[in-house]
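Biologist: I would like to go through this model with you. Please take my questions in turn.

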Protein chains: 2
Amino acid sequence: MEVFGDNSCPPPCNTLGFLQKNNSLDEKGRLAGQKNLLSCDNSDRDARFRLTETDFSNLFARDLLPAKNGEEPTIQFLLEMVDILTTYVKKTFDRSTKVLDFHHPHQLLEGMEGFNLELSDQPESLEQILVDCRDTLKYGVRTGHPRFFNQLSSGLDIIGLAGEWLTSTANTNMFTYEIAPVFVLMEQLTLKKMREMIGWPNGEGDGLFSPGGAISNMYSVMIARYKYFPEVKTKGMCAAPRLVLFTSEHSHYSIKKAGAALGFGSENVILLSTDERGRVIPADLEAKILDAKQKGYVPLFVNATAGSTVYGAFDPINEIADICEKYNLWLHVDGAWGGGLLMSRKHRHKLNGVERANSVTWNPHKMMGVPLQCSAILVKEKGILAGCNSMCAGYLFQPDKQYDTNYDTGDKAIQCGRHVDIFKFWLMWKAKGTIGFEQHIDRCLDLSQYLYNKIKNREGYQMVFDGVPQHTNVCFWYIPPSLRGMPDGEERREKLHRVAPKIKAMMMESGTTMVGYQPQGKNVNFFRMVVSNLAVTQSDIDFLIDEIERLGQDL
Amino acid sequence: MEVFGDNSCPPPCNTLGFLQKNNSLDEKGRLAGQKNLLSCDNSDRDARFRLTETDFSNLFARDLLPAKNGEEPTIQFLLEMVDILTTYVKKTFDRSTKVLDFHHPHQLLEGMEGFNLELSDQPESLEQILVDCRDTLKYGVRTGHPRFFNQLSSGLDIIGLAGEWLTSTANTNMFTYEIAPVFVLMEQLTLKKMREMIGWPNGEGDGLFSPGGAISNMYSVMIARYKYFPEVKTKGMCAAPRLVLFTSEHSHYSIKKAGAALGFGSENVILLSTDERGRVIPADLEAKILDAKQKGYVPLFVNATAGSTVYGAFDPINEIADICEKYNLWLHVDGAWGGGLLMSRKHRHKLNGVERANSVTWNPHKMMGVPLQCSAILVKEKGILAGCNSMCAGYLFQPDKQYDTNYDTGDKAIQCGRHVDIFKFWLMWKAKGTIGFEQHIDRCLDLSQYLYNKIKNREGYQMVFDGVPQHTNVCFWYIPPSLRGMPDGEERREKLHRVAPKIKAMMMESGTTMVGYQPQGKNVNFFRMVVSNLAVTQSDIDFLIDEIERLGQDL
């Protein structure tokens, strides 16, 4: 059996020394003074991985580090995993690869070609573990594929990926500087940059990375309550009057979830009417504030959405801020989806007024292509996060450490342990620069406009709302030929409602592409196309349209 | 300049074909029917990575995939990252490597040897990015080092690490089966196994992986409230009487944080007295329930801690469950730290009665060595998580999909997007088997007993409480010679209070080991030693004691 690609090359010489090169040591700048990364002295050579033949069928987890003599199998096992992963990465960007290989839950549970999900008492060999890993990827969904349009988060950024690999290798926790010194500082500096982009003076303020936009939004409601009714922290909601929160009927459901969880009650989250584009009507906000006051409620908090989930709508922040100032309300901007546009000189005007917000949610894992999870809650007032959440747990946050314990962030969070979400984002920012993110944003918005221009007058398409989309969201119905002559009415609506789910199901069965659909208000199921993946090109947009027509023409 | 370790081996032949071997195709069992992982046909050979010389100083993020011709630089960049990471992994297990290379925040912020944390508008070269990655690891803390005892989470499990690398490459989201089919099923099966270990009939019930123990505990309070006062979800806390929660004075602060966040008020979290070992005194619980009722409060929820943070104490669950049944209260068991002991036939009796709990928090990322983050909230009653948290967001959880949408978990969570925390844990369970986790637990507890036996009568040591530790927590004072003859009193207490922080600071400066300290109640600062890392041996315990004595003898 052939063992290596070239038999003239026996295993022991296969040192993975691919990095060495004649780099110019007189290169100036930031590398100066560093130990030369690319040098090839003996200690470095020893550190590089070497290839050996490894029989994983007789090896088990217990044979890896920290086992005696575990170093070699450990490295070989990790390299084999990397082979699986880099193959997956390459195929993800290859349009001849399917987006997914769909199976129903019962099929996967029954075990596809020996892929057994059940856990057992006895260990499996490392050979089987590697097979399990291949199968896990095989039956999954390629969210980085250029034809995956299903979610606001998509793409597979290579720098972000490398950052995640490093993060999991470092395997630490954000709660103290003591065990995450570099990551804590990276978080601090990155949050400051984000606050500068928002426009708060000198980037002052506070913030945290949280496990997602819903939790970030929950933080905003908590700190608003603490600001106006600090005694709720110790006494509970009975220490406050009956409080109400305001948010768009198009806003993310996490505001309602926060209202329910934090003890306001979901009915006390008052939904604001929107215009045909899904933007809050400021006059409706003011009317509802007055109405609530008249009924004896106390308005507390207004959420303005910057980039709504379905329509990609940007609420008029300045007009909402005027009302918040007039009635002394907390203004939160949910920019989970739209916050990324602050990186674009061309598009950031859509968030005009964001600098007047008291708090902002901004998820780099959406529009900026950062791997999941990466969400920030940013707060204008310093100290309020700690005031709201600290419980001064002496066993974790000792005040008598040798370093400045202001860098211990744990007591600001509702979490105790907190995953390192910052590194991949920091590394991407380093590698792309602010201008790289700007190009990413501008490119995705251009592609959406391309789609919009392509279908707005095309036969068989109907836009859900008129005009150029504010974000990358393009919302439309595909009308199969059988429905095109039918007069508007209940029958057509019912039939049209079933079109998008049918097309989507066929897309998934064929594995060619994925795009989201949903109803919204009185509108029956329509497609919501979004682009956040830098790998997408106009040809992928064309492909989507062709695919919808191919699958939908006979419905 | 020498380019490869052996010049007889030119670059083009360096195919990383290390996996091929003469594996026996007649091997029976689970691998049957699989495409042979180890075969070496042409398509496989093409997929494996090849080594080339790459000059990263002229390459940027924009040159990687999806860029045209980006495949080769992408693979080379990822391989170089893997070289950095595997070198780090090897050193982590090497006792001649320091645990950390401590620097103060201002030192890192000023830039160590060119390591610049600031972000800029322009991109950095990939060469600089790789240097940044090395520096990030260099100035961090090796939480997997066998002499890192600072946190309940420690160790660097190789299978778990490989699982995390795969998870970040798959980069998907747990909210729907649609985009995470395999991971959703793995979560479901793993939660069922965990419920079986708890002892709920047939492993029935519900659950979720959450971003950490604090959030899991918060879930328990939310669902308890929903169970007894479901109208709070819509109407807010004013729809309920004045509710109180009970938890040990030794319990994790997250119960209090949940009380504050969810609108109960931290003062309405009533702390229970404990015995000298830090275990709740059941009679105190009953007395405080009666007292609260007499004052017009309504008792709702009791948290029993299985493995307290500092003492490692296990509250007597059965006795607490009796009281909860008598007064019709929700019983939650916070097994974030101690839940892992359920995997050990020898130690699981410490959680006797856990099957009577309504909900359980269990963090595999602590005692079971799973990489951060991995925490589960497990619930006995099916459907209550969804009842409590669902907001039926039609745009995300469409009912008219082609598959069984009961597998869409998103609306059960307070999060929307949810990171894939399951895969690494599932893969470790596959690779180690239940018995592998059992061995891990038993070994760590044996090591703690070794430490306890070694110091309990040793000169210069004083145990914080008597008796063999219930968990791996060993709490003790080191008494420097200068304090040994001193009579107990304020002066000695003040001096002793400063001993642990001083020793800890010197440990960190010298980088040799790390162990936690804290005061607790009336006890001045003492060391809390914990073991959760499989890499630890008796020699590391011996080293810690030697180090404490070396650093502390002249204090």
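What follows is a set of questions and answers on the model shown above.

Modeller: This is a predicted model, in which local features need pLDDT of at least 70, side-chain atom pairs count only at pLDDT 80 or more, and totals for chains, interfaces and linings use all residues. Residues are numbered from 1 along each chain as its sequence is written, chains are lettered from A and ligands numbered from 1 in the order in which they are written, and side-chain values use heavy atoms, with hydrogens and water left out.

Biologist: What is the secondary structure of chain A, and how many of its residues, in percent, count as buried?

Modeller: Helices (H or I, at least four residues) and strands (E, at least two) are DSSP runs, numbered from the N terminus. Chain A has 16 helices and 12 strands. Buried means under 20% relative accessible area, exposed over 50%, partly exposed in between (1.4 Å probe, protein chains only). Of the 555 residues of chain A, the buried share is 68%.

Biologist: Which relation links chain B to chain A?

Modeller: Copies are superposed by least squares on the C-alpha atoms of residues with pLDDT of at least 70 in both. Chain B falls on chain A with an RMSD of 0.0 Å after a turn of 180 degrees and a shift of 0.0 Å along the axis. That is the relation of a two-fold axis.

Biologist: Which residue of chain B comes closest to the rotation axis?

Modeller: The copies meet through the same surface, because 100% of the interface residues of chain B are also interface residues in chain A. The C-alpha closest to the axis in chain B lies at 2.0 Å. It belongs to B:L262.

Biologist: Which residues have the most contacts inside the largest nonpolar core?

Modeller: A nonpolar core is a set of buried Ala, Val, Leu, Ile, Met, Phe, Trp, Tyr and Cys residues joined through side-chain atoms within 4.5 Å. The largest has 308 residues. Those with the most contacts inside it are A:F77 and B:F77.

Biologist: Which residues of chain B does A:F77 touch?

Modeller: Contact means heavy atoms within 4.5 Å. Residues up to four places away in sequence are not counted. In chain A, A:F77 touches A:F56, A:L64, A:L126, A:I129 and A:L130. In chain B, A:F77 touches B:I158, B:I159 and B:A162.

Biologist: What are the edge strands of the open sheet in chain A?

Modeller: Two strands pair if DSSP finds at least two bridges between them. The open sheet has seven strands in the order 2-8-7-6-5-3-4, with mixed pairing. Each edge strand pairs on one side only. The edges are strand 2 (206-210) and strand 4 (269-272) of chain A.

Biologist: Is strand 8 of chain B mostly covered or uncovered, and which residue stands opposite B:V379?

Modeller: Strand 8 (residues 375-379) of chain B is mostly covered, with five of its five residues buried. B:S375, B:I377 and B:V379 point one way, B:A376 and B:L378 the other. Strand 8 pairs antiparallel with strand 7 (residues 359-362) of chain B over four bridges and with strand 2 (residues 206-210) of chain B over five. Opposite B:V379 stands B:D206.

Biologist: What is the distance, centre to centre, between B:F423 and B:W426?

Modeller: Rings of Phe, Tyr and Trp (its six-membered ring) pair if their centres lie within 6.5 Å; planes under 30 degrees apart count as stacked, over 60 as edge-to-face and the rest as tilted. B:F423 and B:W426 are three residues apart in helix 13 (residues 422-455) of chain B, so about one helical turn separates them. Both are buried, and both belong to one aromatic cluster with A:F115, A:Y139 and B:F183. Their pair is stacked, with 25 degrees between the planes and a centre-to-centre distance of 5.9 Å.

Biologist: Where is A:N69, and is A:N69 buried or exposed?

Modeller: A:N69 has a positive phi of about 60 degrees although it is not a glycine. A:N69 sits in the loop between helix 1 and helix 2 of chain A. That loop also holds A:P66, which a cis peptide bond joins to A:L65, with omega about 10 degrees. At 68% relative accessibility, A:N69 counts as exposed.

Biologist: Where is A:N171, and is A:N171 buried or exposed?

Modeller: Phi of A:N171 is positive too, near 40 degrees, in a residue other than glycine. Its place is the loop between helix 5 (158-170) and helix 6 (181-198) of chain A. At 11% relative accessibility, A:N171 counts as buried.
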